[in-house]
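Here are three short exercises to try with the model open on your screen. Have a go at each one before reading the solution.

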Amino acid sequence: MKLFLDTADVAEIREYAKSGLVDGVTTNPSLAAKTGRDYVEVLKEICAVVPGAVSAEVLATDFDGMMKQAKVFTKIARNIAIKVPLTWDGLKACKALSDDGTMVNVTLCFSAVQAMMAAKAGAHFISPFIGRLDDIGEDGMTLIRDIRTIYDNYGFKTEILAASIRSVSHVLYAALAGADVGTIPGDIFKKLLSHPLTDKGLETFLADAKKAGVTIKTE
Ligand code: E4P
């Protein structure tokens with residue numbers, strides 16, 4: 001499973017990217033707003049740090065406007081993926097951009113039929129929003145499983161990008177359900193390595209070595 005960071009915070013992205021475990025980044029207008037900075041400038045900095053796909057979301061809702069904004073984004077770097085909403089104009093833009101060789105991430109997906117339509121429009125990524133479905137009492141993970149089944153049934157190559165992730169369990173179950181990518185907020189990304197028995201075990205190993213004077217000479 002590829003792991004993307006779901007943030008527009010450049011400092012946070014730089015920090016996690018040092019691990020070599022960040023395969024890409026997703027941003028959206030709300031995340032861009034949080035930075036208080038120019039969206040295009042922020043995207044330029046992110047693309048310089050992360051070589052994998054960096055999603056940049058259009059603000060226009062009509063086809064022509066989306067295409068104009070996509071042109072601005074695609075000039076930033078080769079790893080930009082244009083993020084368009086799952087609307088008729090969004091899918092029209094998705095088709096035009098994909099036919100032209102541009103990566104497109106279709107966002108705000110809440111049904112498997114929507115995901116099938118996005119795949120037919122040539123989307124590189126489909127973003128089902130797990131957390132927002134859970135928030136209204138539905139099961140986000142069922143959506144991931146249904147999309148996996150449909151894509152496998154018909155050989156669609158569109159990557160399932162599990163979005164709106166709220167917990168480590170979301171990452172686990174999305175991976176088990178066959179999501180290709182998970183986009184994860186920084187605080188949850190950090191928790192992916194956490195386990196109390198890892199901390200406790202390490203503490204014991206180091207205490208035992210210290211007590212017995214075990215060392216490793218490096219020079
Ligand atoms: C990423 O592509 C999505 O925009 C993001 O995961 C949405 O997350 P939220 O539901 O927590 O806002």
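**Exercise 1.** Work out which side chains make polar contacts with the ligand's oxygen atoms in this predicted model.

*Solution.* Start with Asn-28: an N or O atom in its side chain sits 2.8 Å from a ligand oxygen. Next, try Arg-132, where the side-chain N or O to ligand oxygen distance is 2.7 Å. Then go to Ser-164, whose side chain also gives 2.7 Å to an oxygen of the ligand. The protein covers 83% of the 340 Å² of accessible area that the ligand has on its own. To finish, look at what surrounds the ligand: the residues include Asp-6, Thr-26, Lys-83, Phe-129, Ala-163 and Arg-166.

**Exercise 2.** Decide whether Thr-27 is buried or exposed, and find the backbone oxygen that its side chain reaches.

*Solution.* First, locate Thr-27 in the loop between strand E2 (24-26) and helix H2 (29-35). Now check accessibility: Thr-27 has 0% relative accessibility, so it counts as buried. Follow the side chain of Thr-27 and you get to the backbone oxygen of Ser-55, at 2.6 Å. Beyond its neighbours within four places in sequence, Thr-27 also touches other residues, among them Thr-7, Ala-8, Tyr-39, Leu-43 and Lys-83.

**Exercise 3.** Is Trp-88 buried or exposed, and which residues make a nonpolar surface patch with Trp-88?

*Solution.* Find Trp-88 in helix H5 (residues 88-99). Its relative accessibility is 68%, and the cut-off for exposed is over 50%, so Trp-88 counts as exposed. Its partners in the patch are Val-113 and Met-117, and the patch comes to about 360 Å².

Notes:
Residues numbered from 1 in each chain as written. Predicted model: local features only at pLDDT ≥ 70, side-chain atom pairs only at ≥ 80, totals over all residues. Heavy atoms only, no water. Helix = DSSP H or I, 4+ residues; strand = E, 2+ residues; numbered from the N terminus. Buried < 20%, exposed > 50% of the residue type's maximum accessible area, 1.4 Å probe, protein only. Polar contact = N/O pair within 3.5 Å; in protein donor to acceptor, adjacent residues only side chain to side chain. Contact = heavy atoms within 4.5 Å. Patch = residues over 30% accessible without salt bridge, like charges linked within 9 Å, V, L, I, M, F, W, Y side chains within 5 Å. Areas by Shrake-Rupley, 256 points an atom, 1.4 Å probe, with all protein chains shown as cover. Salt bridge = Lys/Arg side-chain N within 4 Å of Asp/Glu carboxyl O. Near = heavy atom within 4 Å.
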